[in-house]
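I opened this notebook to record what I looked up in one structure, taking salt bridges, helices, cores and a sheet in turn. The entries follow the order in which I went through the model.

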Amino acid sequence: MYKYYTTMTKYFLYARKSTDVEDKQVRSIDDQLAVLRALAKTEELNVSEEFIEKQSAKMPGRPIFNEMMERVEKGEAQGIVCWKLDRLARNPVDGGQISWMLQRDIIQHIQTHDRSYRPNDNVLMMSVEFGMANQYILDLSTNTKRGLYEKVKRGEYPNIAPIGYINDVRIKQIVVDRKKAKIVKEAFELYSHGQSRLEDISKLFLKHGVRSKEGNRLHSTRIVRILTNPLYCGLFRYGGEMYEGKHETVITKQLFDRVQEVLRLRGKPERKANNPQALCGLLRCATCGMMVTAEQKTKYQQNGNVHHYTYYRCSKKSKAMKCSEPCIREEELDRQLSALIKNYALPSEWAAELSKMADKDEQEASQSTAATIQETRTEIQAISQKLQRLLTAYLDQDIEREIYRSEKANLLSRKKSLEEKIAQVAKGVSVWIEPLREWIKDAQNIDEIVSSPLLSHKKVTALKIFGLNLTLHAREARGVPQKQWASIAEAHCLENKIPLNLLMVGVQGIEPWTFSV
């Protein structure tokens, strides 16, 4: 009678294996099918269709499982053959649906490789098995999260490595991708100058063969994610908090901060630049404060000669007043600029004396480097202690979670900046000595630049000397030099009055301090 009953009952065979960790020890799909087909043949179970699914059962919504249950509800089958009950459900929603359909006799028989389940059986055993399957998922999720948090506390990045890094499966950490890391660093350096667009960075990656998974050029939103990812400078975010990573950095924190500032200031890509004249952007109108622009004029003579002229004038964009400043010919403006910057040329013997003084200052400053480094390390140690106290206060529930996260991020950012400061100080006084030597070199080259016909070189020199303090009034260029350049002009005035060695140092007397060079 029993054999007759099972032969008349139609069965669906269901095999499932997830790619998640939960099913690491479960038989493969092929193994399940082989065992279940043999079981159905031995027990003379009439299997009308097989359902194969490769998806986790920890959440409701499996499409193949739902299709099978709908067809069982319609009466197309009265039994299910599966490896174990946890193949059918690992969540209370699907488990409850199976139990309810079994109690209502919609499902008349569930056959696994080691036992049977029928409507008149004790429901407690099935409930326990489904509960154990669900609890396994809950424990697995908790243990996984705990393991990931322990990993991030050790400074190990727990996610998929971004461009420039790779996941090393042997040590289960991220390591630098030597080829792509250079491209990432180049992208940060290029964007930090403030002259490049996100599209330019995308083209840079494309040029070096870095594409999306689909083989396309990286989208601008992907570029923003790369440029704002602190992982490249030694920090990373996880669970809304900032952590200090132990991985090798691709860029410095200083470069990362510069890029963030550029991103903050530039919400939109730059407009395509026009082709301005050589001296545009150098002077302002002394009357209305607007920038001085250039326009070209062409004169045609009756004898057929054609002459081209360039005039510089106020752009007249002020809405507060109507500017009446006249224009000036480019040749005249060139002559005036040459006369202005010539006053700040540095004679060779002055340059030699200043170089000797710079060498002496460099030697003295190097001796104080160790003290500065020790002071910075003391501050870093204090920050580490603050981080520990902050964590203790958070664990004791003395402060809110958001306050903890915000203060932690600020302290880690400060700590990273101080660590880079140590690296900079360790390099010596090159941070300021090199700009000084560069300034001496620029001042020495002024005579050569004045005699050059290249207006662009004169513009660069004038910007170094005057900054944005050059104005045009009544066809006359005027400027207020920056302090280091003003000292050269002052020294020229005193050149024939006091010895050279006194020109090179500050002289103190009854009057306030006066510095020459």
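The entries below concern a predicted model, and they begin with the charged pairs.

**Entry 1, salt bridges.** I began with the total, and the count of salt bridges comes to 29. I then looked up D94, which forms a salt bridge with R62, the closest N and O atoms being 3.0 Å apart. This pair links distant parts of the chain, since D94 sits in helix α5 (residues 92-103) and R62 in the loop between β2 (46-53) and α3 (63-73), 32 residues apart. I noted that D94 and R62 are both buried.

Next I turned to R178, whose salt bridge partner is E248, with the closest N and O atoms 3.0 Å apart. Here too distant parts of the chain are linked, with R178 in helix α7 (residues 178-192) and E248 in the loop between β9 (241-244) and α10 (253-265), 70 residues apart. Are these two buried or exposed? R178 counts as exposed because its relative accessibility is 52%, where exposed means over 50%. E248 has a relative accessible area of 43% and is therefore partly exposed.

The third pair I examined is D334 with K458, a salt bridge in which the closest N and O atoms are 2.7 Å apart. Because D334 lies in helix α11 (residues 330-342) and K458 in helix α17 (residues 455-466), the pair ties together parts that are 124 residues apart in sequence. D334 is buried, and K458 is buried as well. I also recorded one network, in which salt bridges that share partners join E241, R401, E402, R405 and K408.

**Entry 2, helix α11.** Having met α11 through D334, I checked its length: at 1.5 Å a residue its 13 residues should span 18 Å, and the end C-alpha atoms are 18 Å apart, which agrees. The buried residues of α11 are E330, L333, D334, Q336, L337, S338, L340 and I341. What do these buried residues pack against? I found β12 (306-314), β13 (328-329), α16 (446-450), α17, β14 (470-473) and β15 (476-479).

**Entry 3, helix α18.** In α18 (residues 483-493) I listed W485, S487, I488 and A491 as the buried residues. They cover an arc of only 150 degrees around the axis, which puts them on the same side of α18. The face turned away from that buried side carries the exposed residues K483 and C493.

**Entry 4, nonpolar cores.** The largest nonpolar core has 35 residues, of which F188, F205 and Y232 touch the most other members. At least two residues of this core come from each of β7 (173-176), α7, α8 (198-207), α9 (220-227), β8 (235-238) and α10. The largest share, 6 residues, is supplied by α7. I followed Y232 further and, leaving aside its neighbours within four places in sequence, found contacts with P162, I163, Y165, V184, F188, I226, T249, V250 and I251. Apart from this core lies another, of 34 residues, including C280, W350, A351 and I446.

**Entry 5, a sheet.** Last, I traced an open sheet of 3 strands, ordered β10-β14-β15, with mixed pairing. Its edge strands are β10 (284-285) and β15, each of which pairs on one side only. Between β14 and β15 the pairing is antiparallel, over 4 bridges, and L472 stands opposite A477 in β15.

Definitions and conventions: Residues are numbered from 1 along each chain as its sequence is written. This is a predicted model: local features need pLDDT of at least 70, side-chain atom pairs count only at pLDDT 80 or more; totals for chains, interfaces and linings use all residues. Side-chain values use heavy atoms; hydrogens and water are left out. Buried means under 20% relative accessible area, exposed over 50%, partly exposed in between (1.4 Å probe, protein chains only). The arc is that of the directions from the helix axis to the C-beta atoms. A salt bridge is a side-chain nitrogen of Lys or Arg within 4 Å of a carboxyl oxygen of Asp or Glu. The expected span of a helix is 1.5 Å times one less than its number of residues. Contact means heavy atoms within 4.5 Å. A nonpolar core is a set of buried Ala, Val, Leu, Ile, Met, Phe, Trp, Tyr and Cys residues joined through side-chain atoms within 4.5 Å. Two strands pair if DSSP finds at least two bridges between them.
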